[in-house]
Amino acid sequence: MGITLDDAHKEYKWEGSATENTDELTVTTHTLCVRQIVLGPDAKDDEVNVVEVECFGYENKKYKIPIAVLKAGSGSHVVTTEVVLEDQFATFRLIKGSGPIYISGSHQTETTIVGEDDIDDTMGEDEIDDEDEDEEEVEDVPPKKKTKK
C-alpha cells in the first residue's frame, strides 16, 4: 500500500470493511498496517506537515488522530509507526503543510468460509454417543433406610 499526500491530493480514503460473498459463503476481512511516513525531498523548508487519520472506534465513535508531524530542514524526515486498521473505513489527511508526504504499509486480507452446514457438522455422532454413555453409567441405588434410636 502506498499513498502520496500533497497540495493537490490532501486526503486518501481507505475502504477496508469486511466483504461478504453470499454465492461462495465467504467473508473477507481487511487489515491495513501503516509502517512508515516519509517527508518528500520537495517539501518546503521550515514548513510543518501534519498527517492525521480519521476512523471509527468503540461504539462507532469518530476519532481524528495525528500520526505524523514532519518539518523539512530539521531532523528526521521519516516516521516509523504502526497504525493498524481492521475492517473499517478510514481517511488519511494532510491537515497542515503542503507535503509531499509518502505513507507506506501493508494490506492483508483473510477469507473465511461460513455457512449453516459448518454449525450442523459440529454436532456429530460423538455428542450422541456421549449422551448414551451417560445414561448407561447411572446405577440404581436403593433408597436409604431410616434407623430408629
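## A first pair of strands

A good place to start is Trp 14, whose bridge partner in strand E8 is Ala 90. This pair is part of a wider match: strands E2 and E8 run antiparallel to each other and are joined over 6 bridges. Everything described here comes from a predicted model, so please read each value as computed from that model.

## The four-stranded sheet

Strands E2 and E8 belong to an open sheet of 4 strands, in the order E2-E8-E5-E6, with antiparallel pairing. At the edges are strand E2 (11–16) and strand E6, each of which pairs on one side only. Neighbouring strands of this sheet are turned against each other by 20 degrees on average, with direction ignored.

Which two strands pair with E5? On one side, E5 and E8 are antiparallel and share 6 bridges. E5 also pairs with E6, again in the antiparallel sense, over 9 bridges. Val 53 is a handy landmark for both pairings: Val 53 stands opposite Phe 92 in E8, and it stands opposite Ile 65 in E6.

E5 and E6 also form a hairpin, with 5 residues between them. If you follow the chain through this turn, look for Glu 59, which has a positive phi of about 55 degrees.

## Strand E5, enclosed

Is E5 enclosed or open to the outside? Because 7 of its 9 residues are buried, E5 is largely enclosed by the rest of the structure.

Val 51 shows what surrounds this strand. Leaving aside neighbours within four places in sequence, Val 51 is in contact with Leu 5, Ile 65, Pro 66, Ile 67, Ala 68, Arg 93, Leu 94, Ile 101 and Ile 103.

## The nonpolar core

Val 51 also has a place in the largest nonpolar core, which has 23 residues. Which members touch the most others? They are Leu 5, Ile 37, Val 51, Leu 85, Phe 92, Ile 101 and Ile 103.

Several strands give two or more residues to this core: E1 (2–5), E4 (26–39), E5 (48–56), E6 (62–71), E7 (78–86), E8 (88–96) and E9 (101–113). The largest share, 4 residues, comes from E4.

## Charged pairs across the sheet

Now for the charged side chains. Side chains of opposite charge can pair when their charged atoms come close. The model holds 7 salt bridges.

Arg 93 is a good residue to find here. Arg 93 forms a salt bridge with Glu 11, the closest N and O atoms being 2.9 Å apart. That pair links distant parts of the chain, with Arg 93 in strand E8, Glu 11 in strand E2, and their positions 82 residues apart in sequence. Are these two partners buried or exposed? Arg 93 is buried, with a relative accessible area of 19%, just as the cut-off of under 20% requires. Glu 11 is partly exposed, at 38%.

Arg 93 also meets Glu 52 in a salt bridge, with an N to O distance of 3.5 Å. Since Arg 93 lies in strand E8 and Glu 52 in strand E5, this pair ties together parts that are 41 residues apart in sequence. Glu 52 counts as buried, with 10% relative accessibility.

Another salt bridge joins the side chains of Glu 54 and Lys 64 at 3.9 Å, N to O. Glu 54 is in strand E5 and Lys 64 in strand E6, so the pair ties together parts 10 residues apart in sequence. Glu 54 is buried, at 12% relative accessible area, whereas Lys 64 is exposed, at 52%. Through shared partners, salt bridges join Glu 11, Lys 13, Glu 52, Glu 54, Lys 62, Lys 64 and Arg 93 into one network.

## A histidine pair

One last stop is His 30, found in strand E4. His 30 is buried, with a relative accessible area of 14%. Which side chain does the side chain of His 30 meet in a polar contact? The partner is the side chain of His 107, at 2.9 Å.

Apart from neighbours within four places in sequence, His 30 is in contact with Trp 14, Gly 16, Ser 17, Ala 18, Thr 19, Leu 85, Glu 86, Asp 87, His 107, Gln 108 and Thr 109. That list brings back Trp 14, the residue whose bridge partner is Ala 90.

How values were computed. Residues are numbered from 1 along each chain as its sequence is written. This is a predicted model: local features need pLDDT of at least 70, side-chain atom pairs count only at pLDDT 80 or more; totals for chains, interfaces and linings use all residues. Side-chain values use heavy atoms; hydrogens and water are left out. A nonpolar core is a set of buried Ala, Val, Leu, Ile, Met, Phe, Trp, Tyr and Cys residues joined through side-chain atoms within 4.5 Å. Buried means under 20% relative accessible area, exposed over 50%, partly exposed in between (1.4 Å probe, protein chains only). Contact means heavy atoms within 4.5 Å. Two strands pair if DSSP finds at least two bridges between them. Axes are lines fitted to C-alpha atoms, for helices over the stretch in contact, and angles run from 0 to 180 degrees between N-to-C directions. A salt bridge is a side-chain nitrogen of Lys or Arg within 4 Å of a carboxyl oxygen of Asp or Glu. A polar contact is a pair of N or O atoms within 3.5 Å; within protein, one must be able to donate a hydrogen and the other to accept it, and residues adjacent in sequence count only if both atoms are side-chain atoms.
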